[in-house]
Amino acid sequence: LRRRGDSCDWLPMLTLSLAVAAAAENEPHYHNGKLTRYEIGPPSVLLSRSDEERLSSGKPVMQAMETGIVGARRLLMVQDIAAPPNVVMDRIMDLAHYDKMVDGVTRNVEYNREQEGGLQRIKTTYDIAVLHMKMRYFMEHEYDPEKRCMTFHLDYSRRSDIDDSVGYWYVEPGAGRASSRGYYSCECK
């Protein structure tokens with residue numbers, strides 16, 4: 001790279017490349033999904049006796065699974081919760097308040113909502129701040145209240161600052177009337 005006097009020839013190119021790479025709601029994402037999406041319904045997870053003992057002591061069970069995709073890892077967390085399933089799902093679906101509930105989320109704004117039968121589709125813009133980095137991505141959530149399940153993946157009609165993301169929430173009744181078991185899984189690339 002050359003310098004002419006006090007100005008840099010490469011500075012406008014760098015600025016342009018950063019602007020091109022930034023999230024944009026009026027540009028499609030670079031692809032239509034690289035990661036395998038989750039499906040609505042109960043998880044197919046086998047918990048060991050030691051997992052069940054850990055859960056009964058009030059601690060979560062966490063696992064990381066290799067997916068065969070370079071740079072991606074699927075995470076799973078299971079937690080017993082002292083609240084009925086409808087209360088737990090209400091909190092999970094309170095997307096507008098994720099900035100108060102999820103570390104790093106500074107804003108989550110809905111831009112589209114559709115209902116098809118019992119399935120709700122909610123699209124939101126996430127603004128995230130982690131250390132000194134700020135990112136924006138556009139997420140599509142599919143929620144089935146009857147099945148107590150929500151899946152999510154990038155909205156590929158908009159360009160996000162992350163390459164890809166998929167995830168899953170499922171809540172089942174626990175052993176008591178006011179208890180639940182929550183399953184959360186996600187994969188990012």
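**Exercise 1. Locate R159 in this predicted model, and work out whether it has a salt bridge.**

Solution. Begin with the position along the chain: R159 is found in the loop that connects β8 (149-154) with β9 (165-173). Next, consider its surroundings, where R159 turns out to be buried. Then look for a partner of opposite charge: the nearest such side chain is that of E27, at 4.6 Å. Because a salt bridge requires a side-chain nitrogen of Lys or Arg within 4 Å of a carboxyl oxygen of Asp or Glu, the final step is to compare that cut-off with the distance, and R159 is left with no salt bridge. There is, however, a polar atom of the R159 side chain that lies 3.0 Å from the backbone oxygen of A22.

**Exercise 2. Describe the sheet to which β8 and β9 belong, and explain why β3 and β5 each have one side without a neighbour in the sheet.**

Solution. First write down the order of the strands, which is β3-β4-β10-β9-β8-β7-β6-β5, an open sheet of eight strands with antiparallel pairing. Then look at the two ends of this order: β3 (61-66) and β5 (105-116) stand at the edges and have a single partner strand each, so one side of each is left without a neighbour in the sheet. Neighbouring strands of the sheet are, on average, turned by 15° against each other when direction is ignored.

**Exercise 3. Follow the pairing from β6 through β7 and β8 to β9, and state how many bridges join each pair.**

Solution. Start with β6 (residues 119-130), which pairs with β7 in the antiparallel sense over eleven bridges, R121 having E142 in β7 as its bridge partner. These two strands form a hairpin with two residues between them, and L131 in the turn has a positive phi of about 50°. Move on to β7 and β8, which are antiparallel and share six bridges, with D144 standing opposite C149 in β8. They too form a hairpin, here with four residues between the strands, and R148 in its turn has a positive phi of about 55°. Finish with β8 and β9, whose antiparallel pairing runs over five bridges, and where F152 stands opposite G167 in β9.

**Exercise 4. Find which strands helix α3 lies across.**

Solution. Take the inventory first: the protein chain has four helices and ten strands. Then pick out α3 (residues 85-92), which lies across β4 (73-81), β7 (133-144), β8, β9 and β10 (180-188). As a last step, note its direction, which is at about 160° to β9.

Technical notes
Residues numbered from 1 in each chain as written. Predicted model: local features only at pLDDT ≥ 70, side-chain atom pairs only at ≥ 80, totals over all residues. Heavy atoms only, no water. Buried < 20%, exposed > 50% of the residue type's maximum accessible area, 1.4 Å probe, protein only. Lys, Arg positive; Asp, Glu negative; His and termini not counted. Polar contact = N/O pair within 3.5 Å; in protein donor to acceptor, adjacent residues only side chain to side chain. Pairing = 2+ DSSP bridges. Axes fitted to C-alpha atoms, helices over the stretch in contact; angles between N-to-C directions. Contact = heavy atoms within 4.5 Å.
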